[in-house]
Amino acid sequence: MTFYVLTLFPEMVLEPLRFSVMGKALEKGVVRVKALNVRDYARDKHKMTDDYPYGGGQGMVMKPEPLVGTIRSVLSEDPRAWVVLLSPQGIPFTQKAAHRLSGFRTVALVCGRYEGVDERVRGFVNEEVSVGDYVLSGGELAALIVIEAVTRLLPGALHAPESAQEESFSGGMLEYPQYTRPAVFEGKAVPEILLSGNHQKIRQWRRKEALLRTWIRRPDLIRAQELSESERRLLEQLQDDP
Ligand code: SAM
């Protein structure tokens, strides 16, 4: 899979990707990331990429010509590239969206800056994605979030691919609590069941803990779940006696 990142700050995108899981995925060729500098596609001699907003107001707006020129250059490489505008006004980026994006051969991530992009750029993108209900100064950090979340789902990216299936959100719930050595830390012991070696019991305990944790922290996720009879009863008990 190939990601293109359309940005005024290519180094900001490439440098953080050199580490850990992402760095290895790049080394192994699981994923390729190309950062295109939008300024290279500016047409005027001053290479201007932003201008004052029509109608007045604060800040600058990214001009359409350099951005659309950069998008066209990606499409000339892969006409089926899926073009995503990072924007706080987009649909929320979720694990489900990451799965969906992992199905494309090429994804182009368009990073805005300043007050955002000229409205007409929206006519050249396939979708708008937001990484949360807050405003960043640019799309680069949002692009990194998308790249990392999608890459983890690609075959060969993770040492143990099952871990991506068990993680929070993948099964529609938050993950169960995790422990490692020591068995007792500052008086707090690891739950005994995890030391029992009984894998069936451990699986049941983890499912129950994931359920309780999700119900307490993210009840919105539980509503979309198919629960077994015993899980439903457990949640009813919790509601009666939290
Ligand atoms: N004036 C815009 C608005 O109110 O919707 C915000 C512009 S923001 C300062 C500059 C750029 O950062 C945006 O064009 C977008 O690319 C990126 N950005 C900011 N917040 C984001 C978010 N939550 N998700 C994705 N991209 C974001």
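Guide: Let us start with a term. A patch is made of residues that have over 30% relative accessible area and no salt bridge, and nonpolar side chains are joined within 5 Å. The model here is predicted.

Visitor: Which residues form a nonpolar patch on the surface?
Guide: Phe-9, Met-12, Tyr-134, Leu-136, Leu-141 and Ile-145 do. Together they have about 500 Å² of accessible area.

Visitor: Why is Met-12 called partly exposed?
Guide: Its relative accessible area is 31%. Buried means under 20% and exposed means over 50%. The value of 31% falls in between, so Met-12 is partly exposed. The 31% is also over the 30% needed for a patch. Met-12 sits in helix H1, residues 10–14.

Visitor: What does Arg-113 touch?
Guide: Its contacts include Phe-9 and Met-12. Leu-8, Met-62, Ser-137, Gly-138 and Glu-140 are touched too. Residues up to four places away in sequence are not counted.

Visitor: What makes Arg-113 buried or exposed?
Guide: Its relative accessible area is 14%. The limit for buried is under 20%. Therefore Arg-113 is buried. It lies in the loop between strand E6 (106–110) and strand E7 (127–130).

Visitor: Now the sheet. What is the order of the five strands?
Guide: The order is E2-E1-E6-E5-E7. The sheet is open, and its pairing is parallel. From one strand to the next, the twist averages 35 degrees.

Visitor: What makes E2 and E7 edge strands?
Guide: Strand E2 (32–37) and E7 each pair on one side only.

Visitor: How do you know that E1 and E2 pair?
Guide: Count the bridges. Pairing needs at least two. E1 and E2 have six, so they pair, and they run parallel. One of the bridges puts Tyr-4 opposite its partner in E2, Lys-34.

Visitor: And how many bridges hold E1 and E6?
Guide: Five, again in the parallel sense. Leu-6 has Val-110 of E6 as its bridge partner.

Visitor: How many bridges pair E5 with E7?
Guide: Strand E5 (residues 82–92) pairs with E7 over five bridges. There, Leu-85 has Glu-128 as its partner in E7.

Visitor: Why is E1 called largely enclosed?
Guide: Because six of its six residues are buried. Thr-2, Tyr-4 and Leu-6 point one way from E1. Phe-3, Val-5 and Thr-7 point the other way.

Visitor: Which helix lies across E1, E2, E5 and E6?
Guide: Helix H3 (residues 64–77) does, and it runs at about 165 degrees to E1. Helix H5 (residues 140–151) also packs on the sheet and touches E1, E2, E5 and E6. Its direction makes about 175 degrees with that of E1.

Visitor: What makes the meeting of Asp-78 and Arg-105 a salt bridge?
Guide: The distance from N to O is 3.0 Å. A salt bridge needs a side-chain nitrogen of Lys or Arg within 4 Å of a carboxyl oxygen of Asp or Glu. The pair fits, so it counts. The structure holds 11 salt bridges.

Visitor: Why does this pair tie together parts of the chain?
Guide: Asp-78 lies in the loop between H3 and E5, while Arg-105 lies in the loop between helix H4 (95–101) and E6, so the joined parts are 27 residues apart in sequence.

Visitor: Are Asp-78 and Arg-105 buried or exposed?
Guide: Asp-78 has 5% relative accessibility, so it counts as buried. Arg-105 has 56%, which is over the 50% limit, so it counts as exposed.

Visitor: Where are Arg-100 and Glu-127?
Guide: Arg-100 is in helix H4 and Glu-127 is in strand E7. Their side chains meet in a salt bridge at 3.0 Å, N to O. At 38%, Arg-100 counts as partly exposed. Glu-127 has 11%, so it is buried. Among the contacts of Glu-127 are Trp-82, Leu-85 and Arg-100.

Visitor: Which residues are linked in a network of salt bridges?
Guide: Glu-119, Arg-122 and Glu-128 are. Arg-122 and Glu-128 meet at 2.7 Å, N to O.

Visitor: Why is Glu-128 called buried?
Guide: Its relative accessible area is 19%, and the limit is under 20%, so Glu-128 is buried.

Conventions:
Residues are numbered from 1 along each chain as its sequence is written. This is a predicted model: local features need pLDDT of at least 70, side-chain atom pairs count only at pLDDT 80 or more; totals for chains, interfaces and linings use all residues. Side-chain values use heavy atoms; hydrogens and water are left out. Helices (H or I, at least four residues) and strands (E, at least two) are DSSP runs, numbered from the N terminus. Buried means under 20% relative accessible area, exposed over 50%, partly exposed in between (1.4 Å probe, protein chains only). Contact means heavy atoms within 4.5 Å. Patches are made of residues with over 30% relative accessible area and no salt bridge: like charges are joined within 9 Å, nonpolar side chains (Val, Leu, Ile, Met, Phe, Trp, Tyr) within 5 Å. Accessible areas come from the Shrake-Rupley method with a 1.4 Å probe; for residues, only the protein chains shown count as cover. Axes are lines fitted to C-alpha atoms, for helices over the stretch in contact, and angles run from 0 to 180 degrees between N-to-C directions.
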